[in-house]
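I sat down with this one to see how the sheet is put together. My notes follow in the order I looked things up.

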Amino acid sequence: MEIVTTIEDTRNKIRKARAGGATVGFVPTMGYLHRGHTSLVEVSRTYARYQVMSIFVNRIQFNDARDFDTYPRDHERDFEIARNAGVDLIFIPDDKEMYKSRYTYVDMEVLTENLCGASRPGHFRGVYTVVSKLFNIVQPDYAVFGQKDIQQAVSIEKMTVDLDFPVKIIIAPTIREEDGLAMSSRNKHLSPTDRKNAVAIYRSLKEADTLLSGGEKNARAILSRMRDVIQKGKPESIDYVTMVDYAKLQPAETVSGKSIIAVAAFFGKTRLIDNMVIEPEGMGYKCVY
Ligand code: AMP
């Protein structure tokens, strides 16, 4: 595994790999790697021969300065995990390398109106800007994103269509702890009690799954039961529990067609998100979470 910090070195290494006939898979991350991240590399390996990972805590996507300052970082540990996962090239730039000037941003309408787009102003503008830059730097054939951040994955897929990036977006499953809590770098901040209680988010998704399999289609009924389940975990607050359609991420009153139920809640000061994708299957629905 090679580790580079500049855009020029990244381009040179990838050019070499391509000259040898390799296709390029790309997994962008903010580091503090866990099995959620390495699972994306595994998926990427099934599509492409040469694996690139970026590690960059992107200041401009943090709407909360404290969240940026306390975001966990451990590069040596990350390199070890990435090496074991079969990453060929790590691109780990600093702020100056990534943002030489900051006049240009990439933003999106409609898909950012709800969910995290509503509660984290400017967040997605920062995400689309850095992902566009990374796509231009790495020029991958495939880029893999986690279902865990579903609004990000779905909207980036749209962005690549709208801006004609020649990259195929793959959305990979959410990897969970044994009790069901979605893995996240931010889980490190949870107190032992909050860590235990946070499983309520996963339980709320299971509850929705059960209701849907029982034929319930009314969003209000499903979401209100989910809120009750989350409240049992004593969250500091619930940011949102929302059902949206998959195509435009607009609030849905009933399940019809491919949909998403997404949750954001604070346990202590830590904001956790999770979701499930609801896909029509036969006469009923399949819930993927
Ligand atoms: P992050 O480092 O949190 O910005 O995440 C980098 C990538 O890993 C994003 O595509 C995330 O959606 C994905 N990811 C984070 N946590 C998980 C998880 N538990 N399961 C699958 N993918 C994940």
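I began with a single pair: Ala143 has Ile169 in E6 as its bridge partner. Worth jotting down before going on: this is a predicted model.

Next I looked up the strands around that pair. Strand E5 covers residues 142-146, and E5 pairs with E6 in the parallel sense over 5 bridges.

Then I went to the whole sheet. I found an open sheet of 6 strands with parallel pairing, in the order E1-E4-E3-E2-E5-E6. Strand E1 (2-4) and strand E6 (168-172) are at the edges; each has a single partner strand, so one side of each has no neighbour in the sheet. I also checked the twist: neighbouring strands here are turned by 25° against each other on average, ignoring direction.

Which helices lie across E5 and E6? I noted H7 (residues 123-138), which also lies across strand E2 (24-29), strand E3 (50-55) and strand E4 (89-91), and runs at about 150° to E2. I noted helix H8 (residues 150-162) as well, running at about 165° to E6.

Last, I zoomed out. I have 11 helices and 10 strands down for the protein. The radius of gyration is 19 Å, close to the 19 Å from the globule rule for 289 residues, so the protein is as compact as a globular protein of that length. The C-alpha trace spans about 55 × 40 × 40 Å along its principal axes.

For burial, I wrote down 54% of the 289 residues as buried. The exposed area came to about 13800 Å², with carbon and sulfur atoms supplying 47% of it.

How values were computed
Residues numbered from 1 in each chain as written. Predicted model: local features only at pLDDT ≥ 70, side-chain atom pairs only at ≥ 80, totals over all residues. Heavy atoms only, no water. Pairing = 2+ DSSP bridges. Helix = DSSP H or I, 4+ residues; strand = E, 2+ residues; numbered from the N terminus. Axes fitted to C-alpha atoms, helices over the stretch in contact; angles between N-to-C directions. Contact = heavy atoms within 4.5 Å. Rg over C-alpha atoms; globule rule 2.2 N^0.38 Å. Buried < 20%, exposed > 50% of the residue type's maximum accessible area, 1.4 Å probe, protein only. Areas by Shrake-Rupley, 256 points an atom, 1.4 Å probe, with all protein chains shown as cover.
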